[in-house]
Amino acid sequence: MSEEKNEITLKNYQVKIQDGLLQHLAEFIKPLWQPKKIAVITDDNVGPLYVDKVEAQLIEMGHRVVILTVPAGETSKSWEQVQVLIDSLAQNNFVRSDGIVALGGGVVGDLAGFVASIYMRGISLIQIPTSLLAQVDSSVGGKTAIDLNAGKNMVGSFYQPNLVLIDPSTIQTLPKRMLVEGYGEIVKCAALVGGSFWEIVQKVHQPADIILQAESLIHASIAFKASVVMRDEKENGLRKLLNFGHTLGHALELIEDGQLMHGEAVAVGMAYITAAFEKKGMTAAGTTAEITARLAQVGLPLVANQLGSAAFYRAMLHDKKIKGDQIILVYIKKIGEPAFYPLKITELKKWFEPILNSQIEDN
């Protein structure tokens, strides 16, 4: 992986990070894509903000553009929407040499990426993430997925884009809750990395500070994720570290019936898994307080209604880190020192119940 101030290069593609990048897409797309047919997949929140600007520039480059809009929200990560999008591509005579641009947040990126990976066994893809969560998480690494009733991201593929274009200025249009949600994933990465990255998040004391520090936060998050993905593209080992907070978080996200966004659920998951390991003496004393202080500064939740419920434990059984009769938990020994802990599934309730029945302090 090579890295400059506004560019991170993975094995097969580059991630460009630059304020105002959406104003001059041709500079980045022209060297990669000859004129072709392009489907811009977006949602009904993001489309009105940016799709005209993107479409005009693609047409100016000589591309033929089809706009495909899905409903905003997690429910669009479904078989039904996959079918709608694939049918639209076929009806518009898209062939393997054509391409897809994913313009939107994590839902659009996951959905459009999955469609690109399976249509005609794979067509070209460019990711233009517009939410903070997508910019620091789902747009990089090649994971694509849709949800099932049984759980999030249960069907998907590893499919790398040709290019990821990140314009940090787009987060200024985000509702406060969506901005803060993305920051939950940033704190996760910073807790795993420590050092100067953790120092940056300590400069964030309110949601407005996220915007002020956006470029540094985005760059540090992607640089870390890219370094992990380069060594473990298919999540066979090291890449599982990125699931810190996700074992509990994904379970909560599934059963809270839309009440928790992804970054919020991960925040709760980080707080409680760190508290559990600190209680066992496997995480340094005070680490939970360090993490919860960073989360609480911007108003991320530290508790959830269904923590410890029967549905919560059932949902954890769909975790993709289960191997045989064990679930591989990701925790940190201290800030910047992550580790794995294999736990027998039969021990889940016994392990977490003491801490789930207590209250995480809002520091």
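In what sense, and over how many bridges, do strand 12 and strand 13 pair? The legends below describe a predicted model, beginning with the sheet that holds these strands.

**Figure 1. Strands 11, 12 and 13 form an open antiparallel sheet.** The three strands lie in the order 11-12-13. Strand 11 (322-323) and strand 13 (337-344) are the edge strands, each pairing on one side only. Strand 12, residues 326-334, pairs with strand 13 in the antiparallel sense over eight bridges. Within this pairing, isoleucine 327 has leucine 343 of strand 13 as its bridge partner. In general, the strands of a sheet pair through backbone hydrogen bonds, either parallel or antiparallel.

**Figure 2. Helix 6 is mostly covered.** Helix 6 comprises 18 residues, 176-193, and 14 of the 18 are buried. A rise of 1.5 Å a residue gives an expected span of 26 Å, and the end C-alpha atoms of helix 6 are 26 Å apart, so the two values agree. Just after helix 6, glycine 194 takes a positive phi of about 70°.

**Figure 3. Lysine 77 forms salt bridges with glutamate 74 and with aspartate 110.** Side chains of opposite charge can pair when their charged atoms come close. The closest N and O atoms of glutamate 74 and lysine 77 are 3.5 Å apart. Glutamate 74 counts as partly exposed because its relative accessibility is 32%, whereas lysine 77, at 3%, counts as buried. In the salt bridge between lysine 77 and aspartate 110, the N to O distance is 2.8 Å. This pair links distant parts of the chain: lysine 77 lies in the loop between strand 5 (64-70) and helix 3 (79-91), aspartate 110 lies in helix 4 (residues 106-118), and the two are 33 residues apart. Aspartate 110 is buried, as is lysine 77.

**Figure 4. Glutamate 353 and lysine 349 meet in a salt bridge within helix 14.** The N to O distance between the two side chains is 3.9 Å. Glutamate 353 and lysine 349 are separated by about one helical turn, because they are four residues apart in helix 14 (residues 348-356). Glutamate 353, with a relative accessibility of 32%, counts as partly exposed; lysine 349, at 45%, also counts as partly exposed. Elsewhere, salt bridges that share partners join Glu74, Lys77, Asp110 and Asp147 into one network. The count of salt bridges comes to ten.

Note on methods:
Residues are numbered from 1 along each chain as its sequence is written. This is a predicted model: local features need pLDDT of at least 70, side-chain atom pairs count only at pLDDT 80 or more; totals for chains, interfaces and linings use all residues. Side-chain values use heavy atoms; hydrogens and water are left out. Two strands pair if DSSP finds at least two bridges between them. The expected span of a helix is 1.5 Å times one less than its number of residues. Buried means under 20% relative accessible area, exposed over 50%, partly exposed in between (1.4 Å probe, protein chains only). A salt bridge is a side-chain nitrogen of Lys or Arg within 4 Å of a carboxyl oxygen of Asp or Glu.
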